[in-house]
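Me: I am new to this structure and would like to go through it step by step. Please show it first.

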Amino acid sequence: MRHQAKFICAVVALCFVFLASKNVNADPVTLTITNPIQVGTIGSVLTFTGSLTNVAAPTVTIVSDNFNGLPGTLTFDDTPFVINFLGQSIAGGSTLGPLSLFTVTIEAGAAPGVYNGVFSVLFDSDGGMGQETNFQTFTVTVQPETQVPEPMTLLLLGSGLAGMVSLKLAKRRT
């Protein structure tokens, strides 16, 4: 009796492992952002590049992208994705890229700090429509602008120094 119970438990466990493995699917298409951390100041346009790898059959077709996470003072533009990736087919075992994925423009009024966003890609295959790749986090660090002195400020500083030097020379003569 004991051996039968052990045998039944082993068969049930194997069935569970077999059924569970059918429901667990790795992402067939992997997104990699090659430069996920970038730094800039107001007015900078940061270009993020990446690649898509189809790790196994079947061939997939890239249909869209998905993005979220940045404040309004950082403008996200996925035109490079549309040009380089949208509508492209990637055969099993192939990689598309690295190519430009998107840009982020640091607009006036952006506060210095670190901002994170998330980007992913949607694709169609025999496995279904609108499947999504892994999510990739990217970081934009906005640095404060360095103040450059105006030419008149430098002229005023220079004339003040020249005046101090001339006073010092005049005192030496007397």
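Me: What percentage of the residues of the protein chain count as buried?
Reply: This is a predicted model, so the values here are computed from it. A residue counts as buried when its relative accessible area is under 20%. Of the 174 residues in the protein chain, the share that counts as buried is 26%.

Me: How many helices and strands does the protein chain have, and in which order do they run?
Reply: The chain contains three helices and 10 strands. Read from the N terminus, the order is α-β-β-β-β-β-α-β-β-β-β-β-α.

Me: Which strand pairs with β3, and over how many bridges?
Reply: Strand β3 covers residues 45–54, and its partner covers residues 94–106. Within this pairing, T49 has S100 as its bridge partner. The two strands run in the antiparallel sense, and the partner is β7, over nine bridges.

Me: Which residue in β7 stands opposite D77?
Reply: Strand β5, residues 74–77, is also joined to β7. The two run antiparallel and share four bridges. The residue in β7 opposite D77 is T103.

Me: Is L101 buried or exposed?
Reply: L101 belongs to strand β7. Its C-alpha atom is separated by 7.5 Å from that of N84, which is 17 residues away along the chain. The relative accessibility of L101 is 0%, and therefore L101 counts as buried.

Me: Which residue in β8 is the bridge partner of D65?
Reply: Strand β4, residues 60–68, pairs with strand β6, residues 89–90, in the antiparallel sense over two bridges. There, T61 is matched with S89 in β6. β4 also pairs with strand β8, residues 113–125, again in the antiparallel sense, over seven bridges. In β8, the bridge partner of D65 is V121.

Me: How many aromatic pairs are there, and why is the pair of F48 and F102 called stacked?
Reply: Rings pair when their centres lie within 6.5 Å, and planes under 30 degrees apart count as stacked. By this rule there are 10 aromatic pairs. The ring centres of F48 and F102 are 4.8 Å apart and their planes are at 20 degrees, so this pair is stacked.

Me: How many residues apart in sequence are the parts that F48 and F102 tie together?
Reply: F48 and F102 are both buried. F48 is in strand β3 and F102 is in strand β7, so their pair ties together parts whose separation in sequence is 54 residues.

Me: What is the angle between the ring planes of F81 and F85?
Reply: Both F81 and F85 are buried. Their rings form a stacked aromatic pair with a centre-to-centre distance of 5.8 Å, and the angle between the planes is 15 degrees.

Me: Which residues form the aromatic cluster?
Reply: One of its members, F138, lies in strand β10, residues 136–142. With a relative accessibility of 0%, F138 counts as buried. The C-alpha atoms of F138 and F119 are separated by 7.7 Å, although these residues are 19 places apart along the chain. The cluster is formed by F48, F67, F76, F81, F85, F102, F119 and F138.

Me: How far apart are the end C-alpha atoms of helix α3?
Reply: Helix α3 has 23 residues, 151–173. At 1.5 Å a residue, the helix should span 33 Å. The computed distance between its end C-alpha atoms agrees with this: 33 Å.

Me: How many residues of α3 are buried?
Reply: M164 lies in helix α3, and at 56% relative accessibility M164 counts as exposed. M164 also helps to make a nonpolar surface patch of about 420 Å², together with L154, L157 and L161. The helix lies largely in the open, because of its 23 residues the number buried is zero.

Me: Which peptide bonds at P58 and P98 are cis?
Reply: Most peptide bonds are trans. P58 is placed in the loop between β3 and β4, while P98 is in strand β7. The omega angle is near 5 degrees for the bond into P58 and near 10 degrees for the bond into P98. The cis bonds are A57 to P58 and G97 to P98.

Definitions and conventions: Residues are numbered from 1 along each chain as its sequence is written. This is a predicted model: local features need pLDDT of at least 70, side-chain atom pairs count only at pLDDT 80 or more; totals for chains, interfaces and linings use all residues. Side-chain values use heavy atoms; hydrogens and water are left out. The expected span of a helix is 1.5 Å times one less than its number of residues. Buried means under 20% relative accessible area, exposed over 50%, partly exposed in between (1.4 Å probe, protein chains only). Two strands pair if DSSP finds at least two bridges between them. Rings of Phe, Tyr and Trp (its six-membered ring) pair if their centres lie within 6.5 Å; planes under 30 degrees apart count as stacked, over 60 as edge-to-face and the rest as tilted. Patches are made of residues with over 30% relative accessible area and no salt bridge: like charges are joined within 9 Å, nonpolar side chains (Val, Leu, Ile, Met, Phe, Trp, Tyr) within 5 Å. Accessible areas come from the Shrake-Rupley method with a 1.4 Å probe; for residues, only the protein chains shown count as cover. A salt bridge is a side-chain nitrogen of Lys or Arg within 4 Å of a carboxyl oxygen of Asp or Glu.
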